[in-house]
Amino acid sequence: MYSAIEVIQQRRTLRRFTSEDISEDTIQHLLTAAMAAPSLMGRKPWHFVVIRDPEVKKRIAEAFRVHPQLAGAPVWIAFLADVSASPAWRMDLSAAVMNTLLQAAAMGLGATWIGTVDSKWTPAQVEACRTLHIPEGWELFAFVAVGRPAEQRPPHVLDPYIFSTRVHEGQWDNRRQAPFHQSRPEGGER
Ligand SMILES: Cc1cc2nc3c(=O)[nH]c(=O)nc-3n(C[C@H](O)[C@H](O)[C@H](O)COP(=O)(O)O)c2cc1C
């Protein structure tokens, strides 16, 4: 059993997956985590499409020009927003994605948040929405590609230097010292 901070620091973006499938039960856990996210006035403006079809994943991965290995994840989850339900749908959906990534990390799965930054990705969004039969009025916010990881990355660690330059005490010009010391990771900020 990991503590919250352990799961948060161990979560890394992983883009290589084994061919092992992931169960419906696992998907249920991921979606349960997603739907436990906070949302403005509890409006929960989200829907999800669970995608297992290799052709569909490949087509969307190509449209979004993501790392080709992401198409090899056994499952992609599309995060969709009912934009009429909440003016805060981007924030609500971000929280849902983050919960999903943390639940995946807690279960030893690898996952990647695939974002859909508006203008740059519009043709890809149109293609993905057509492929997934998304109705008018719904925004495709993100995908999460998830599976058994075939790579490892080191956990995040607290960098006292970064901490003291990003965290301010009481007012902007007071720097706050990291509460405890951990050695600075190779390569500086990550
Ligand atoms: C809004 C957002 C969109 C992202 N989109 C992509 C993406 O399209 N493709 C990808 O490979 N990674 C994507 N990522 C993952 C980032 O590249 C990754 O979080 C970053 O490199 C930091 O690594 P870490 O998650 O291991 O801490 C996205 C992350 C966020 C928050």
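Here is a short walk through the ligand site and the largest pocket of this structure.

The model is predicted, so to read it: local features need pLDDT of at least 70, side-chain atom pairs count only at pLDDT 80 or more, and totals for chains, interfaces and linings use all residues. Residues are numbered from 1 along each chain as its sequence is written, and side-chain values use heavy atoms, without hydrogens and water.

Let's start at the ligand. Around it sit Arg 11, Arg 12, Thr 13, Arg 15, Leu 70, Thr 112, Trp 113, Ile 114, Gly 115, Arg 153 and His 156 (a residue is near if one of its heavy atoms lies within 4 Å). By class, this shell holds three nonpolar, four polar and four charged residues (Asp, Glu, Lys and Arg are charged; Ala, Val, Leu, Ile, Met, Phe, Trp, Tyr, Cys and Pro are nonpolar; the others, Gly among them, are polar).

Now for the polar contacts (pairs of N or O atoms within 3.5 Å). The side chain of Arg 12 places an N or O atom 2.7 Å from a ligand oxygen, and the side chain of His 156 has an N or O atom 2.7 Å from an oxygen of the ligand. A ligand nitrogen lies 3.0 Å from a polar backbone atom of Gly 115.

Next comes the largest pocket (an open set of points on a 1 Å grid where a 1.4 Å probe fits, with protein on both sides within 12 Å along at least five of seven lines; lining residues have an atom within 4 Å of a point). Its lining has 19 residues, with Gln 10, Arg 12, Leu 14, Ala 105 and Leu 109 nearest the centre. The lining divides into ten nonpolar, five polar and four charged residues.

Key:
Polar contact = N/O pair within 3.5 Å; in protein donor to acceptor, adjacent residues only side chain to side chain.
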